[in-house]
Amino acid sequence: MSQVTKNGFTSPYVELDRPAWAALRAATPLSLTEDELAELRGTADPTSLAEVRDIYLPLSRLLNLYVGATRQRHAAVRGFLGEDDQPTPFVIGIAGSVAVGKSTIARLLRALLAQWPDHPHVELVSTDNFLYPNAVLAERELMHRKGFPESFDRRALVRFVSRIKAGVPSVDIPVYSHLAYDIVPGAAQTVYRPDILVVEGINVLQPPSAGRLAVADFFDFSLYVDAKREHIRSWYLERFEALRRTRFEDPRSYFHNMATLADDAAAREFAERTWRTINEVNLVHNIAPTRGRATLVLYKGEDHRVRRVRLRKT
Ligand SMILES: Nc1ncnc2c1ncn2[C@@H]1O[C@H](COP(=O)(O)OP(=O)(O)O)[C@@H](O)[C@H]1O
Ligand SMILES: CC(C)(COP(=O)(O)O)[C@@H](O)C(=O)NCCC(=O)O
């Protein structure tokens, strides 16, 4: 374990290599099976049970401790105010580039956290549900900026998380479909008052503009999933290839033309261009600069295995 020091400034983070972090699992049991893990993995994501044991079980243990401590703090404030409310839901944010594997980690954490008897009800929400519909994006000339901060209805997202935190019994949110590449008209996802809410999305650690609140202001814990840019690029391109042979085969898919295209090189060129002109620009300008705001950073290697962990200690 090492405290990072630079130019006389002692960082609030500690860095742990994989073995040091894996040892912090302590006695947390691995009760997830291979079949259950297969259900949680995203397209082309190789996360293994060994990874769950070494990386995500220590994280589950840390989060359990965090939830307990946060509940005590909230109870102290309620006691001070003379109020007798129910515990406040604990909110976790998961940030990182497109194709870095956030959604697999989010689903895994939901499954692992729900195994603790003190917080069995875990809800998971992806911020893509708060993207503006394509019609609005097109009108604002933002179709080539999907995923950029301005492509999300950030006020609706903040409103949603603030209502969950305030203990509202259920909140309806919009639904985004990767198949349609758009918000589904008239559809809703109902989120019931959870013990823990996981909010996963590329831009969840964006700072607020002056005088406003951002969704990150409601987080009790946040995670940034990091990797080298060239590795994330190759994961994006590999996933695009895998999607061409699976989801894009569906005639209803927005990208169905990519599945029927005989010219593999042209499909690859399209994916490379989408990465270079949209997702990479967003990563460099908007997403990576928010990394320092995370409570915990997971650094993945080329094979998706986490090499190092950085935890905010002070
Ligand atoms: N065009 C697409 N069609 C179908 N599914 C997609 C498409 N793009 C991304 N996905 C799926 O959506 C989920 C979220 O992807 P993304 O936002 O890139 O984040 P991450 O890879 O970090 O989870 C993943 O499970 C991915 O497989
Ligand atoms: C929907 C996304 C913006 C991800 O949003 P998130 O789930 O992180 O809120 C992303 O998957 C996306 O569609 N990006 C646009 C460029 C592309 O098609 O890859």
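Residues 24 or more positions apart in sequence make up 71% of the contacts in the protein chain that have a separation of 6 or more. The model is predicted, and the protein chain has nine helices and 12 strands. Its radius of gyration is 20 Å, close to the 20 Å given by the globule rule for 314 residues, so the chain is as compact as a globular protein of that length.

**Overall dimensions and burial**

- The C-alpha trace of the protein chain extends over about 65 × 45 × 45 Å along its principal axes.
- Of the 314 residues in the protein chain, 35% count as buried.

**Surroundings of ligand 1**

- Ligand 1 is surrounded by 14 residues, and the closest are Gly42, Val98, Lys102, Ser103 and His178.
- Two elements, α4 (102-113) and α7 (229-244), each give two or more residues to this shell.
- By residue class, the shell around ligand 1 consists of five nonpolar, six polar and three charged residues.

**Surroundings of ligand 2**

- The residues around ligand 2 are Val98, Ser126, Thr127, Asp128, Lys146, Gly147, Gly201, Ile202, Thr274, Ile278 and Asn279.
- Helix α9 (residues 264-287) supplies the largest share of this shell, namely three residues.
- The shell around ligand 2 comprises three nonpolar, six polar and two charged residues.
- Val98 appears in the shell of ligand 2 and is also listed among the closest residues to ligand 1.

**The annotated segment**

- An unreviewed UniProt entry places the feature "binding site" at Gly96, Ser97, Val98, Ala99, Val100, Gly101, Lys102 and Ser103.
- Among these annotated positions, Val98, Lys102 and Ser103 are also listed with the closest residues to ligand 1.

**Glycine 101**

- Glycine 101 is located in the loop that connects β3 (90-96) and α4.
- Within 10 Å of glycine 101 there are 24 other C-beta atoms; the residue is therefore buried, since the cut-off is 20 or more.
- Apart from neighbours within four places in sequence, glycine 101 is in contact with Gly42, Asp45, Val225 and His304.
- One of these contacts, Gly42, is also among the closest residues to ligand 1.

**Lysine 102**

- Lysine 102 belongs to helix α4.
- Lysine 102 counts as buried because it has 22 C-beta neighbours inside 10 Å.
- When residues up to four places away in sequence are not counted, lysine 102 touches Ile94, Gly96, Glu200 and Val225.
- Val225 is in contact with glycine 101 and also with lysine 102.

Note on methods
Residues numbered from 1 in each chain as written. Chains lettered and ligands numbered in written order. Predicted model: local features only at pLDDT ≥ 70, side-chain atom pairs only at ≥ 80, totals over all residues. Near = placed C-beta within 6 Å. Helix = DSSP H or I, 4+ residues; strand = E, 2+ residues; numbered from the N terminus. Nonpolar A, V, L, I, M, F, W, Y, C, P; charged D, E, K, R; others polar. Rg over C-alpha atoms; globule rule 2.2 N^0.38 Å. Buried ≥ 20, exposed ≤ 12 C-beta atoms within 10 Å, placed from the backbone. Contact = placed C-beta atoms within 7 Å. UniProt positions renumbered as here; feature names shortened; annotations may be inferred.
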